[in-house]
Amino acid sequence: MRARKDFLAANHGLRIVTPAFILLVHKNGLGEARAGFTASRRIGGSVARHRARRRLKEMARLIASQAVPGADHVFIARPRETEWPFAALLADGERALCRARERLEALPA
């Protein structure tokens, strides 16, 4: 995902908060899962923001098979993300996607 409108639409979807990131999940009607990544200036300078996004991208790549089909996933880095061990970040990502699937399945169609 790169378009601003997609990120804004995801803001109206499901929100799952973890210590290292916030996951926004919004049905996109395209039939495929997409992902977007963002880190605000609260994370730090450009080096810290890029590092946070790279870590989130790698985490998302490793758990892509667990993504909600037909939904946009936006990962927003939180200030503690760069201090979080990658194994813990990966476990948080798996739990967040599992919770997202459960909560979306519980919603009426």
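User: In this predicted model, what is the strand order of the open sheet?

Analyst: The model is predicted. Its open sheet has four strands, and their pairing is mixed. The order of the strands is 1-2-4-3.

User: Why is one side of strand 1 and of strand 3 left without a neighbour in the sheet?

Analyst: Strand 1 and strand 3 (34-38) each have a single partner strand, so one side of each has no neighbour in the sheet. From one strand to the next, the twist averages 20 degrees. The reason asked for is the position of both strands, at the edges.

User: Which helix packs on the sheet, and what angle does its direction make with that of strand 4?

Analyst: The helix spans residues 46-62 and touches strand 2, strand 3 and strand 4 (71-77). This is helix 2, and the angle with strand 4 is about 140 degrees.

User: Which residue of strand 2 stands opposite arginine 15?

Analyst: Strand 1 and strand 2 (residues 21-27) run antiparallel and are joined by four bridges. A hairpin of three residues connects them. Valine 17 faces isoleucine 22 across this pair. Opposite arginine 15 stands leucine 24.

User: Which side chains of strand 1 are buried?

Analyst: In a regular strand, side chains alternate between the two faces of the sheet. Strand 1 (residues 14-17) shows this alternation: Arg15 and Val17 point to one face and are not buried. Pointing to the other face, the buried ones are Leu14 and Ile16.

User: What is the volume of the largest pocket?

Analyst: Its lining includes Ile22, Thr38 and Arg78. The lining residues divide into six nonpolar, two polar and two charged. The volume of the largest pocket is about 150 Å³.

Notes:
Residues numbered from 1 in each chain as written. Predicted model: local features only at pLDDT ≥ 70, side-chain atom pairs only at ≥ 80, totals over all residues. Heavy atoms only, no water. 1 Å grid on protein atoms, 1.4 Å probe; cavity = no way out; pocket = protein on both sides within 12 Å on 5 of 7 lines; lining within 4 Å. Points joined across faces, edges and corners; volume = space filled by probe spheres on them. Nonpolar A, V, L, I, M, F, W, Y, C, P; charged D, E, K, R; others polar. Buried < 20%, exposed > 50% of the residue type's maximum accessible area, 1.4 Å probe, protein only. Helix = DSSP H or I, 4+ residues; strand = E, 2+ residues; numbered from the N terminus. Pairing = 2+ DSSP bridges. Axes fitted to C-alpha atoms, helices over the stretch in contact; angles between N-to-C directions. Contact = heavy atoms within 4.5 Å.
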